[in-house]
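Work through the exercises below with the sequence and the 3D view open. Try each task before reading its solution.

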Amino acid sequence: MRNLIEGKKRLAFAAVLLLCFSLFASLALAEETGPVQIKNVALNMEAIASRKWLPEYDQLTAAALNMRNNFSYAPYSHYHVGAALLGADDKIYTGCNVENAAYPVGICAEQTAFVKAVSEGCRKFKALVVAGSASDRKGSDFCAPCGMCRQAIREFCDPDFPIILVEADENGAVKSYKIYKLDELLVDSFGPNHLK
Ligand SMILES: [Zn+2]
């Protein structure tokens, strides 16, 4: 009988230990805020030129929608935008719009992503996915970068840089998409090459 009670105590102790460990592990994961590394990315520029959907765009879209749904700060426009930028280092840099009571101080999702990437040492990029929509619905409509963002993108990207706009349902499934090259959104652009 005594052995049985001791055995139950040990079992309870082990259960508490397991609970503490899983709690600690989940907190550690929750604090992971750095860029997400994805593997085996080798974007095929011919495929990009053909405007086909590439497998890598799935992960970028999920990251952009996550930013749109969970992090966008848009108490004034109520229009939530997320962006996911694939760096040449194969990391995904994410961004959301961050508005401000002094309206012009707000920053777009695309620029947030670029600022995060550049401030972490990445200056070359492979693709950008943008997803945005009004706050009264989940998912996204086609949300093209604004004029300022197009110029901000031009600073670090070549004219054939792919910009992908996604229309997604509330479960994050892509219903349709548009793939533009940067120079289609910003014709005859002014870039760093003009100042050399
Ligand atoms: Zn913008």
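The exercises go from the whole chain to single strands, helices and residues of this predicted model.

**Exercise 1. The chain as a whole**

Task: State how many helices and strands the protein chain has, and give their order from the N terminus.

Solution. Step 1: the secondary structure comes to six helices and six strands. Step 2: read from the N terminus on, the elements run α-β-α-α-β-β-α-β-α-β-β-α. Step 3: for burial, 30% of the 196 residues of the protein chain count as buried. Step 4: for contacts, take those with a separation of 6 or more; residues 24 or more positions apart account for 61% of them.

**Exercise 2. The hairpin of β2 and β3**

Task: Find out in what sense β2 and β3 pair, and describe the residue with positive phi in their hairpin.

Solution. Step 1: β2 and β3 pair in the antiparallel sense, over five bridges. Step 2: to see a pair of facing residues, look at Gly-82, which stands opposite Cys-96 in β3. Step 3: the hairpin has three residues between the strands. Asp-90 lies in this loop, between β2 (79–87) and β3 (91–96). Step 4: the phi of Asp-90 is positive, about 65 degrees, although Asp-90 is not a glycine. Step 5: Asp-90 has 18 C-beta neighbours inside 10 Å, so it counts as partly exposed. A buried residue would need 20 or more, and an exposed one 12 or fewer.

**Exercise 3. Gly-95 in β3**

Task: Decide whether Gly-95 is buried or exposed, and list what it touches outside its sequence neighbourhood.

Solution. Step 1: Gly-95 is found in strand β3. Step 2: there are 28 other C-beta atoms within 10 Å of Gly-95, so Gly-95 is buried. Step 3: the strand fits this picture, because five of the six residues of β3 are buried and β3 is therefore largely enclosed by the rest of the structure. Step 4: leaving aside neighbours within four places in sequence, Gly-95 is in contact with Met-67, Ala-83, Ala-109, Glu-110, Thr-112, Ala-113 and Lys-116. Step 5: take Lys-116 from that list; it is 21 residues from Gly-95 along the chain, yet their C-alpha atoms are separated by 7.8 Å.

**Exercise 4. β4 and its partners**

Task: Compare how β4 runs relative to β2 and relative to β5.

Solution. Step 1: β2 and β4 run antiparallel and are joined by nine bridges. In this pairing, the bridge partner of Ala-84 is Val-129 in β4. Step 2: β4 and strand β5 (residues 162–168) run parallel and are joined by three bridges. Here Leu-128 stands opposite Ile-163 in β5. Step 3: check the burial of β4; nine of its 10 residues are buried, and the strand is mostly covered.

**Exercise 5. Helices α4 and α5**

Task: Describe how α4 and α5 are placed relative to each other, and name the residues that meet.

Solution. Step 1: the axes of α4 (residues 109–119) and α5 (residues 147–154) come within 9 Å and cross at roughly 25 degrees. Step 2: angles under 35 degrees count as roughly parallel. The two helices α4 and α5 are therefore roughly parallel to each other. Step 3: the crossing of α4 and α5 is left-handed. Step 4: Glu-110, Gln-111 and Phe-114 in α4 meet Cys-149, Ala-152 and Ile-153 in α5. Step 5: sorted by kind, the residues of this contact are four nonpolar, one polar and one charged. Step 6: turn to the buried residues of α4, which are Ala-109, Glu-110, Gln-111, Thr-112, Ala-113, Phe-114 and Ala-117. They pack against α3 (55–70), β2, β3, β4 (125–134) and α5. Step 7: after α4 comes Gly-121, with a positive phi near 100 degrees.

**Exercise 6. Two residues towards the end of the numbering**

Task: Decide for Glu-184 and for Asp-188 whether each is buried or exposed.

Solution. Step 1: Glu-184 is found in helix α6. With 11 other C-beta atoms within 10 Å, Glu-184 is exposed. Step 2: the C-alpha atoms of Glu-184 and Ile-163 are separated by 9.8 Å, with their positions 21 residues apart along the chain taken as the distance apart. Step 3: Asp-188 lies in the segment after α6 (182–185). With 6 C-beta neighbours inside 10 Å, Asp-188 counts as exposed. Step 4: Asp-188 also has a positive phi, near 50 degrees, and is a residue other than glycine.

Notes. Residues numbered from 1 in each chain as written. Predicted model: local features only at pLDDT ≥ 70, side-chain atom pairs only at ≥ 80, totals over all residues. Axes fitted to C-alpha atoms, helices over the stretch in contact; angles between N-to-C directions. Helix = DSSP H or I, 4+ residues; strand = E, 2+ residues; numbered from the N terminus. Parallel < 35°, antiparallel > 145°, perpendicular 65-115°, else oblique. Left-handed = near helix turned anticlockwise from the far one by under 90°. Contact = placed C-beta atoms within 7 Å. Nonpolar A, V, L, I, M, F, W, Y, C, P; charged D, E, K, R; others polar. Pairing = 2+ DSSP bridges.
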